[in-house]
Amino acid sequence: MLTQPAITPTLILAVLICVLPRHLDAGPPVATTGDRICIVGNTFAERMRIDGFLETRLAVRRPDLKLTVRNLGWSGDTVELRPRPLNFGSLNEHLARQQADIVLCCFGMSEAFDDSVDITTFRQSLLQFVRNLQNTTYNGQAPPKVVFVTPIALETVDPRVDDVDLRTERLQAISRTISEVAEQTSSTAVDLHTLTGNLIRENPSQRLTDNGIHPNEYGYWATTAAIADALVGPATAWSVDVDTATQSVETSDDANGALLVTLLPQSDDQEVMRLRVQTTQLLPPTAPPDSLIHPSLSNLLPVLTVRGLPEGRYGLFVDGTVVAEADSGQWAAGQVLSGLPAAQRTEDLRTVICQKNEWFFHRYRPANSEYVFGRRTKPFGSVSFPPEMKAFDRLVEQSDGTIHGLSRQKRTETWSLERID
Amino acid sequence: MKTSHTSPICLLLAAIGIGLALSGRVVADDAGSPDAPHAVFVVGTHHYEPHETIPKFAERLEQYGFRTTVVLPEGNPEHNRNGKGLPGLEVLADADVAIFYMRFLALPEEQLAHIEKYVTSGKPVIGLRTSTHAFYYPKKDPRSKWNDGFGRDVLGSRYYIHLQGQTTVEHVPDQKGNILLNGVPARFIDPGTLYKVELPEDAVPLLNGTGRARKTGTITNRFGTHQIEAEMTWPVAWTWTNTFGGRTFATTLGHRESFELPALNRLLVNAIHWAVDRPVDIAREKAAVARKMPNLKRPVGELDQFDPESERQAFEVLDGFEVNLWAAEPMLVNPIHMTWDAQGRLWVCCSTSYPQVQPGEQPNDQIIVLEDTDGDGRADKSTVFADGLYVPTGLEMGDGGVYVANAPDLLFLKDTDGDLKADVREVVLTGFATEDNHHSISAWRWGPGGWLYFQEGTFMHTQVETPHGVVRLENGGVFQFRPRDLDLRVYADYRASNPWGHTFDRWGTEVLIDNPNLYFLTPLTANSRAKLAYQSSGRGTKQCGGEFVSGRHLPDEFQNQIWTNQYKSNTVTRYEITDDGAGIGVNELEPLIRSRDINFRPVDLKMGPDGAAYVLDWYNPLIGHMQHSFRDERRDTTHGRVWRVTYRGRPLVEKPQLVRVPLEQTVAHLKDPEDWTRHQVKRVLSDADPRAAADALESFVASLDRDDPGYAHHLTEALWAYQTIDVVNEDLLRDVLQSDHPKARAAAVRVLRYWWDRIGDSASSTEPALTLLEQAVADEHPRVRLEAVLTLGFIPDARSVALACRVLDQPMDRYLEHALKLTVDGLQPHWLPAHRAGTLTFASPDHRSYALSNLLTNEAVQVMVDLLNAGQVNADRLKGPAEAVARTATAAQLEKLVLTMVEYTREYNTRGRDAADPAAIRVVLDALNTAARTRGVKPTGADKMVPRIYAVPDVDAQVAATRLVGAWKIASQSRRLQQLIRAEETDPALKLAAASALGELAGRSDRQFLARLAQSKESGQQTLGVVGLAAIDLDRAAAVAATLFASPPDSNFPPEQIVEVFIQRRGGGDALGAALDKEEVHPDVASQVAAHLVRIGEQHPALVEAFGGGVAPGSLEDLLMAEDRLELAEDVREHGNPARGERIFRRSELACFTCHNISGAGGIIGPDLAAVGSAYQEDYIVDSILRPSKVIKEFFETAVVLTDEGRVITGILVLSDDDKIVVRDPQQGGAEVTIPTDQIDDVAKGPSLMPRGLANKLNNRQEFLDLASFLAALGKPGDYQRNTAPILRRWRVAAVEEQATIDAGLVDHVLATGQPAYGLVDGTLPVEDLPEGQRVIAVAELDVSEPGAIGLKVEPSAVASVLVDGHPATERIELERGRHSLAFVLDPASIGEGLRVEVTAPKSAAATFKPVTGP
């Protein structure tokens, strides 16, 4: 399952390129304590079930909020067309069953490929779609908060994408429309289209999609950070900056208090630096192995900078285990720490999240639905499935508890830098 | 501390035990009987709450015929905190198996003694979870030896430490197929923590658990020091023979929540069976439990032997063949589908999670690779290539890996480091439907040109986003997919049901096995998504997988047959495929394998690298999840087999070396006669470097010898190979298009479908392709013309349709018709604008009218207008456009037509038929009528037309006009209608129409007129009154009808016509039923109407009751209904006589053949019964006769459709989609009726069309048993098995005068008017079904699709004479294409039991033929 080798080569794009323009409104986070987030939309939404990055980010950044996430996405869905099995139930029914507080809407990619949908119609359907959400109470108290995600940009390097110019143009128009509708309806939009367009353009060696239109694992790793920004606010930046000459340490998170780093006296001659690292947050999820990470995303990774080291090669030991090796110059430039032992705890959390997603999938969209609620429920399905579906509900809810438990872990580690040449 | 076995608690506990045992007796046959094994549960802790979970489990165990006693503690017994220990343990002395769930006990001496005595006696022991640390005596106490000893010596491991969080549990890989794991999910999440375990070497671990530790490193507790890593794996369940010789099963599972999941319960039930040496397999005990579950309806047979050899011995194999076991569990279990790779390894999808994931389960279905590494004809190596799948329904090799159906995802799995285990897993596409996993994308296969095909069944909604757009498919069809560019297309959108097989022959002829049909797929692949009705080329019973067989290992006569699997009847069957015009004919042949073993479930068949056939066996008593509960305990997850079928005495094919040799060498094998090899060559080329592959192909083509008899085929293979690697070779394409072999030309035209925009000088020009297709569409061979029409559909050019229509210049057949209609439709956006602009020229006006008449738009009106204006008009030519007009024309368009009709009929008075043909008038008027009644479209100007029609002296035309008067509500015609009714000479049919129309006009004078009619004393007048009033006042009409029915029937106006008027109106049946409640019905009326109701399948209870068709109290039916159906089924099995039953089935008063047929002979409204017994058990058949609506067979569901006009249409549901409902209407002999959605008010699921009260037509209960036993025997091995030989079964018989001349005229007369008769199952036409007389003629018919000779095997040979098409048969019977009659003149006295005629194919120049079936 989700395991990582101890030391994963994680590369940050070496060339310094222009800083990403952030089109995100830096408004306050959307989510509040106990919110249930329901993801709706197309293949982009549905495939979030596979690697669980979004929910992992939410849990890691704000364990205190105890958010829960249900993915109601369905491949190929559009704002207007969402075919379902017989008796499946409407979107409103499912949002009500899930008591949605936040609806995260991912539409537009399918529409961009269907030339019979014109942009005006799309705008009208989308408005109608939002108005319906904003006029319905699913959680028993208030209508949901609506967050849009614009479709990602085409990765035109993929030779399998047809009519690149037309598609690009339509995707832009659709993304613009989504942002405008969000503005018009006082909801939030996450502009993945611009973000991914920049990532693709500035970092062509790192593929963002599988097939030109759907994010690959790196793509989800990268894009979910922006969605999480809108939902719960930005991540704690795990950067620790030590100056051995002045014996001073700085962290990027001084205000937040999630990361507390203090310098300890060296224990022996080998050691050139000793730190106590106290955290109340898990590390953000590690990027997929061998990915070439765009610099604008480097704040999603833990970075240790040690300046003032004498020439030489140094290893970083965490609780006695080596996790990174570099030359003094490299340490001074900052090293991404992808092999921290604590990363495993985030991976454990992600495993549970993915497990929950799988169980929820079997519940929300069970195989053999014709027998679960369709025209063939009798005589067998009507006996077997009601209790089994309840059991799945129970498993999913228990998993929520496990996720909240796993994401609230304090940890103290000792980091030491030793000369190894 | 002191306890006594006489304490009140002990009595209470004993009482619980007895109580459980008593309740067990109710549910299981031998529970509670002294012979039943006694399971004693010892619950010695409250930790994990076994005092709650174990008694519940014990109750469950009793269903399997165990006696159980649960020894429960009062209070917490750990460390003897309750002061009483565990009283009641003396019951262990009587235990056949003890199940311990204990923790840290410090039992008093005598209590411990009971346990000591039990375990040291070597009796079977089962231990759960904390029982590894069952005791905690102080260190110095000698009994402290049990502290570690109970775990170590009795169970196999003591306690060490446990981890944190949940545990992932998986089968130990080499224990796959261990029956103890039957029904235990292959991987599941156990909510409990993982215990560290250390097992003795001779223990057998069954399940491994993996857990995570929060604290890692070296950890010391009071049980020792442990090295703990973040992730640890230890056994969680195992078997062992313990140190006292006792059979032991132990598990560290047993958390309270574990008992809520199915896994632990199944595991324990299995283990306890095993411990007391009861069969763990799908044996009688489990069958008994399954059968008594409330949700189970259909018992299946039972077996005692489950080993491969027993299964093999139950095979009946076709002469010349033999079967050997190639692979069996544990190498593979629950196999679904398979494919070969170029190295000759067999890749199999296996699913133990089928039919549905259970709560807590993590589906862990696998792809297994099987290899015969030493070439001894048996697989010897099995590798798990991939796992973690969820009901993978198909796979194919490609791009160095394997593509897998894992709905909703399509995955690509690949091994990159050579260990034959997938290390790359990509989700290639998402969004394949999951509504019913037996309809999920399945039967995967590469086609000859490098597209991958897979099918989806009905009910499904698929939406897949691809970089070329979203692909959607509803209710099934065929996909084609080219992974290299992620090009997914709907290849055939048609009325799919269960498409579980798709195969190509050496020329690319493709057959889709969509149960129970075998379709010639090609016409359905047109570039249109319209779903037109399409007849299959053959039918079997449900079939799965299979393919065209070929190769040198098989004798010639078997080449190019389709071998496929009738898994329901445990049969591998064969079909002969012949040419039939542009399409194919299909004949079922004697099966390859028939098995008596009900677990033999062939689901796939593929030819192997050695030229033998390999049969994949989902060895299982149960097959589907529609027929049996999802959680039926008999579902087996521990068996699976592959059988190899070889021809005795013929050498196998030498396995070709296709990989790790130069490509030239591989490509040379494109000449091999084995389809397997040529297919694999193309797979190797596809994965190779395209340039190298193209080079190899170029040398291959250059090396071919034009005089080689296989030249045309070699060239075709090369062309496909180029298509596969996606390199356009235009010269080769042009060469093959000119080949002298028609099927090579057809294949090349197909390749042109995909290459048209890449040939010639200018890219994307349609010119070069159109030039080539102009020639192909005029080809002398219909198959080439068919492909040309289809390919034209893909060329986006207005001229394509004009070229396609040129196919009309040569003979058409239904395949060409279908393809042309779809092509005309699909090309619409390209040619219709050109046609409107007047820039499109057709080769002839007929072509143009064909195209226009097959439009879904309204150009058809113009066609009709043109035809009518031209004067002389052929009514048949009007029919096509008229259909489109009726379906789609607007009121404005219809007005044009009406005005034309005014002109058309103007001169009738003076010029008569020369001016206007009444038949043409009827066609036009019917279309107008349909448009009005089905869509409410009414043109203006009608009042001018109608009077002109009444001037035409043709009753039918006038009836049509009258119906229009009603539909259009032309009030000005009211007077004429009244006059028509008054006039004595008016035809009764016209009077009825007029009365009905008056009812629709419903003006004041009309109401009064009808009311007066109704009050008339004359029954004819009254009838007309009723017919009219029904539209105005149902109750009043019903009251009058009721008085009419009290008198004898009127021959001019039969009572059933009156009843019809009511049945077809909303509330009509109720109104008439209520009125009849008060009136006596004349017996003649009653019997006439009752027969009519049966005929049309009307089931309205009040009507059935009123006309005497209900279930009378005390009648035979009533008595049978009151019996227990399972017992009745048992009596059918034991006392029914199928031979007598067959005679009863044939009695004319039962009218079985009116709706049903056996092997095609008989009615087509109900299902073919030839194999009903192999698919259904006796209780189902009993229900089918007594309670037909309860058990409607799939595809025979009925719909009751209520239209917006209040009409009611009942029939068998053929199709239901967004636009329409199509039903097969029994009132019209099974014709299909289409009702557009916008006219439908309501659709209800209808009852079975099978009439009630059948049993009352039997003389006694024994006759019922006989009839049911006959049906149950149909299709089972024995006297009533399906015989697929071409026997004449459908007859027309008549007695003829001694002196009459028997000629073609007489034969035709007998065919038209003779009495229907049908052969027995064995094929004999029994003598008692022949009419009285000394000279009787029996006529049957034969359809010939390819001309040639036939032979006749006539028994007895004493038949006086045989006539073919009315002429005495010659020595050698040569038949042209078409339908032929075969007449036999005989003296019934001289033919013994009866006449049996089988049509045979002579050795040379045989015709392709099929006996005509049907009612």
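Is B:R691 buried or exposed? Select it and see: B:R691 is exposed, because its relative accessible area is 64% and anything over 50% gets that label. Keep in mind as you click around that this is a predicted model.

**Stop 1: around B:R691**

Widen the selection to residues 690-703 of chain B, and you have helix 10, the home of B:R691. Now add B:I725 and draw a distance between the two C-alpha atoms. You should get 9.2 Å, for residues that sit 34 places apart along the chain.

**Stop 2: the A/B interface**

Next, colour by chain and look at where A and B meet. On the chain B side 54 residues are in contact, and they touch 54 residues of chain A. Together the two chains bury about 4,500 Å², with 53% of that on carbon and sulfur atoms. For a closer view, select B:Q463, B:E465 and B:P467: within chain B these lose the most area to chain A, together 15% of what that side buries.

**Stop 3: two buried loop residues with contacts in both chains**

Go to B:E361, in the loop that links strand 15 (346-350) to strand 16 (365-371) of chain B. Its relative accessibility is 3%, so B:E361 counts as buried. What is B:E361 in contact with, leaving aside its neighbours within four places in sequence? The list has A:W359 from chain A, plus B:P185, B:R187, B:F188, B:S353 and B:Q356 from chain B. If you want a long ruler, measure from the C-alpha of B:E361 to that of B:P939: the separation is 64 Å, with the two positions 578 residues apart along the chain.

Now jump to B:R631, which you will find in the loop between strand 37 (613-617) and strand 38 of chain B. At 19% relative accessibility B:R631 is called buried, because the label applies to values under 20%. Leaving out neighbours within four places in sequence, B:R631 is in contact with A:S384, A:F385 and A:E388 on the chain A side. From chain B, its contacts are B:Q356, B:V357 and B:Q358. You have met B:Q356 already, as one of the contacts of B:E361.

**Stop 4: a helix pair in chain B**

Show helix 22 (residues 891-906) and helix 25 (residues 942-950) of chain B as cartoons. Their axes are 9 Å apart and the packing angle is about 30°. That makes helix 22 of chain B roughly parallel to helix 25 of chain B, because angles under 35 degrees count that way. The crossing of helix 22 and helix 25 of chain B is left-handed.

Switch on side chains for the contact. From helix 22 of chain B, pick B:V898, B:M901, B:V902, B:T905 and B:R906; from helix 25 of chain B, they meet B:A942, B:K944, B:M945, B:R948 and B:I949. Sorted by class, the contact between these helices has six nonpolar residues, one polar and three charged.

**Stop 5: a helix pair in chain A**

Over in chain A, select helix 8 (residues 192-202) and helix 9 (residues 217-232). Their axes come within 11 Å and cross at roughly 145°. Which hand does the crossing of helix 8 and helix 9 of chain A have? It is right-handed.

On helix 8 of chain A, show A:L192, A:L195, A:T196 and A:L199; they meet A:A222, A:T223, A:A226 and A:I227 in helix 9 of chain A. The class tally for this contact is six nonpolar, two polar and no charged residues.

**Stop 6: backbone oddments in chain B**

Finish with some torsions. Start at the peptide bond joining B:E329 and B:P330, which is cis, with omega about 10°. B:P330 sits in the loop between strand 13 (321-328) and strand 14 (335-340) of chain B. Then take the bond from B:N515 to B:P516, also cis, where omega is near -5°. B:P516 belongs to the loop between strand 29 (510-515) and strand 30 (517-520) of chain B.

Which residue has a phi near 55° without being a glycine? That is B:D399, in the loop from strand 18 (394-398) to strand 19 (401-406) of chain B. With 32% relative accessibility, B:D399 is partly exposed.

Last pick: B:R660, not a glycine either, with a positive phi of about 60°. Look for B:R660 in the loop between strand 38 (641-647) and helix 8 (663-668) of chain B. At 70% relative accessibility, B:R660 counts as exposed.

Conventions: Residues numbered from 1 in each chain as written. Chains lettered and ligands numbered in written order. Predicted model: local features only at pLDDT ≥ 70, side-chain atom pairs only at ≥ 80, totals over all residues. Heavy atoms only, no water. Helix = DSSP H or I, 4+ residues; strand = E, 2+ residues; numbered from the N terminus. Buried < 20%, exposed > 50% of the residue type's maximum accessible area, 1.4 Å probe, protein only. Axes fitted to C-alpha atoms, helices over the stretch in contact; angles between N-to-C directions. Parallel < 35°, antiparallel > 145°, perpendicular 65-115°, else oblique. Left-handed = near helix turned anticlockwise from the far one by under 90°. Contact = heavy atoms within 4.5 Å. Nonpolar A, V, L, I, M, F, W, Y, C, P; charged D, E, K, R; others polar. Buried area = accessible area lost by both parts, 1.4 Å probe.
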